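Open your viewer and get ready to click through the model one stop at a time. At each stop you will find something to select and a short note on what is there.

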Protein chains: 2
Amino acid sequence: MFKYLMPTKVICGENSVKENASELILGAKCMIVTGTTSGAKSGALGDVADVLKENNIEYLVYDKIGNNPTIEECAEGGKIAKDFGCDFLIGIGGGSPLDATKAIAVYAVNDIDPYDIFEGKFDNKPLPIAAIPTTAGTGSETTPYSILTLHKINNKQSFAHPDVFYRVAFLDGRYTVNLPLQIARNTAIDALSHLLEGFTDKKASPASDYIALEGLRIIGRYVDNLKNGNFNIDICTDLLWAASLGGVVISQTGTTIVHSMGYALTYYKDIPHGMANGLLLGEYLERTSRVLPDKVKVALDAFGMDLDEFKAFLKECLPCDIKFSEEELTKWSETAIKAKNVPVCPFEVTREDELDIYKKCLL
Amino acid sequence: MFKYLMPTKVICGENSVKENASELILGAKCMIVTGTTSGAKSGALGDVADVLKENNIEYLVYDKIGNNPTIEECAEGGKIAKDFGCDFLIGIGGGSPLDATKAIAVYAVNDIDPYDIFEGKFDNKPLPIAAIPTTAGTGSETTPYSILTLHKINNKQSFAHPDVFYRVAFLDGRYTVNLPLQIARNTAIDALSHLLEGFTDKKASPASDYIALEGLRIIGRYVDNLKNGNFNIDICTDLLWAASLGGVVISQTGTTIVHSMGYALTYYKDIPHGMANGLLLGEYLERTSRVLPDKVKVALDAFGMDLDEFKAFLKECLPCDIKFSEEELTKWSETAIKAKNVPVCPFEVTREDELDIYKKCLL
């Protein structure tokens, strides 16, 4: 038995925001949630503001979302949205603002202890939300997940709820074409990680596998661009679509240990999320290929590489000179092994195994 | 630019209804909409009744939906639902009950002239609906379309509205495994027609093409079964999933002239919908291959045949000894050329062309 759900409307193409105003405007008064710079720099904030002004929609810009948003920032955003009295939100940015928007949509209409969000303890339906990704990686625009940072537990924690799926997502390569190459790489590798973890973990199904392969085929076409740069708007729109497919996949399958082990790298070392995944992804696939050799081959064939080539590709795209100590890795493995997504890992994994993976990848 | 939307949750597998009661029960009081026999014979009605009884949900069975439901039957169903005071509907059956359920969901909460449904002239959100297909063909469970028969215009007419997507669909091969072989064939060929029309018409997009290919691959695995029978529950569940993928595809692309030309065969000659499509599908693909040779080849490769083999397969699966007159075909072509989906046909098509297609396929 398998289940499939991904209710977000996706509108993909150049100028999709400006040409689909009626689908962007989900209410009468709007709060835009974005990062400190990503919304403005990408051009997306300007396009959205134009559309809202042309349609006489009152709006407020909440641009306080930093990397790896904390639950406190989101609760604060919810309070501001409530005080402003808006009835819909537009999230603009990478995974951080897009995940934060989901939490803010909950807090704006539910007067709860912020931590209750993780148990889905809220009664009122979250505000409707629209997504405009400015990186091609997170897939947050097509998932019911929001990953928040909790200093209380020195880690990230996710919540999932079908009511926080975005109502609509606009994918436009104009917003990602000027990203620095390393950000384009990190985020594309985050998407790859979603596609590969989703394709191989124990929740993979006929409803997610063919979608994962399509995402892998698309990103595989742009390996040279990811190595060398030279993007254009069409390529960037394709990569946004592939990243959204990654979101569709993990909406069905979740992620597995690459993600849960990667969180510590981001929390303690400030390594960008996609890079953190990418540093662990080769070893994950290596171990997965021992239990699912055919499936790993099918995935890598779709991408257009064998396992060694794939590991070399990751290495080339993820230059990282950060030093790690065995003590750190030991501590992180103790936390990571408790993650909810460990049981869906395709191979047996203990704390010692996770430590071993950390060591192989990082020392 | 392309758009993608398919918000229905699909639950696919043996005993999916009984094992997912909380997802079937969308309210406090239910009307079940089904055909005169399909609901009971398939076993689906019994399963649904058991679940509703176990959960103390009051329900009424409206089993007056015949083949090719009329707008009058649906309006009547809406009145009964309203009088009964139900707050959700469960549609069980082939395309006829599943399409009718969508219209009834509108009429139950909107006191309108029944014909206004075609212009989307209704203010209140239709009742939430759950689908249980008992044939693997229509894909109605994953589309926003409802095709109704209008004696006023001697033809079928469809309406489309995002609010009539099913909330949830349950796919279980137990409900289709005992279908007569010819019905299994007709309905599978209806699904094939959705996949092939959607893959080749002018609204095809990167969001629909890879889904169409997956559906074609799945049905292609069961060519021998469609020729000779010998289905089992797993095969039937796979075919239901492929048919749902066909629905996902045409939700993005619509259908084209195979469908609009086929309606007359059903209306005037009582030829089952899938068979009507199938009689025209080979010639459609032949003509499409002249303008999109690569695309037709990719589609047929996914299915596992070349064009001649595909035409022979259709012929073998669709024995039809009904006689047609040139006069009839001329009249039908005059109606069919006015259909809304003619402009998306991949090749230029005039009334004379449609008459020529009818003649080649039917005389």
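Which residue of β6(B) stands opposite B:G93? Select B:G93 and look across to β6(B): the residue opposite is B:P133.

Before going further, a word on what you see. This is a predicted model, in which local features need pLDDT of at least 70 and side-chain atom pairs count only at pLDDT 80 or more, while totals for chains, interfaces and linings use all residues. Residues are numbered from 1 along each chain as its sequence is written, and chains are lettered from A and ligands numbered from 1 in the order in which they are written.

**Stop 1: strand β5 of chain B**

Select residues 88-93 of chain B, which make up β5(B). Helices here are DSSP runs of H or I with at least four residues, strands are runs of E with at least two, and both are numbered from the N terminus. Six of the six residues of β5(B) are buried, so this strand is largely enclosed by the rest of the structure. A residue is called buried if 20 or more other C-beta atoms lie within 10 Å of its own, exposed if 12 or fewer, and partly exposed in between, with C-beta atoms placed from the backbone.

Now show the side chains. B:F88, B:I90 and B:I92 point one way, whereas B:L89, B:G91 and B:G93 point the other way.

Next, look at the neighbours of β5(B). Five bridges join β5(B) to β6(B), and the two run parallel. β3(B) also pairs with β5(B) in the parallel sense, over five bridges; there you can find B:C30 opposite B:F88. Two strands count as paired if DSSP finds at least two bridges between them.

**Stop 2: the whole sheet**

Zoom out to see the open sheet of seven strands, with mixed pairing, in the order β1(A)-β2(B)-β9(B)-β6(B)-β5(B)-β3(B)-β4(B). The edge strands are β1 of chain A and β4 (58-65) of chain B, each pairing on one side only. From one strand to the next, the twist averages 15 degrees.

Add helix α5 (residues 95-107) of chain B, which packs on the sheet and touches β3, β4, β5 and β6 of chain B; its direction makes about 165 degrees with that of β5(B). Then add helix α9 (residues 233-253) of chain B, which touches β2, β6 and β9 of chain B and makes about 150 degrees with β9(B). These axes are lines fitted to C-alpha atoms, for helices over the stretch in contact, and angles run from 0 to 180 degrees between N-to-C directions. Contact means that the C-beta atoms of two residues, placed from the backbone, lie within 7 Å.

**Stop 3: where the chains meet**

How does β1(A) pair with β2 (residues 9-12) of chain B, parallel or antiparallel? The pairing is antiparallel, over three bridges. Click A:K3 and you will find its bridge partner in β2(B), B:I11.

Now look for the second open sheet of seven strands, ordered β4(A)-β3(A)-β5(A)-β6(A)-β9(A)-β2(A)-β1(B). Its edges are β4 (58-65) of chain A and β1 (2-4) of chain B; each has a single partner strand, so one side of each is left without a neighbour in the sheet. Three bridges join β2(A) to β1(B), which run antiparallel, and A:C12 has B:F2 as its bridge partner.

Colour the contact between the chains: 18 residues come from chain A and 18 residues from chain B. On the side of chain A, the elements that give two or more residues are β1 (2-4), β2 (9-12) and α7 (206-220).

**Stop 4: a glycine in helix α11**

Select B:G274 in helix α11 (residues 273-291) of chain B. B:G274 is buried, with 31 other C-beta atoms within 10 Å. Leaving out residues up to four places away in sequence, B:G274 touches B:G137, B:N186, B:T187, B:I189 and B:D190. Its C-alpha atom is separated by 8.2 Å from that of B:R185, 89 residues apart along the chain.

**Stop 5: helix α14 of chain A**

Finish at residues 326-336 of chain A, helix α14, where A:L329, A:W332, A:S333 and A:A336 are buried. They cover an arc of only 105 degrees around the axis (taken from the directions from the helix axis to the C-beta atoms), which puts them on the same side of α14(A). Among what covers these buried residues are α10 (257-269) and α15 (351-362) of chain A.
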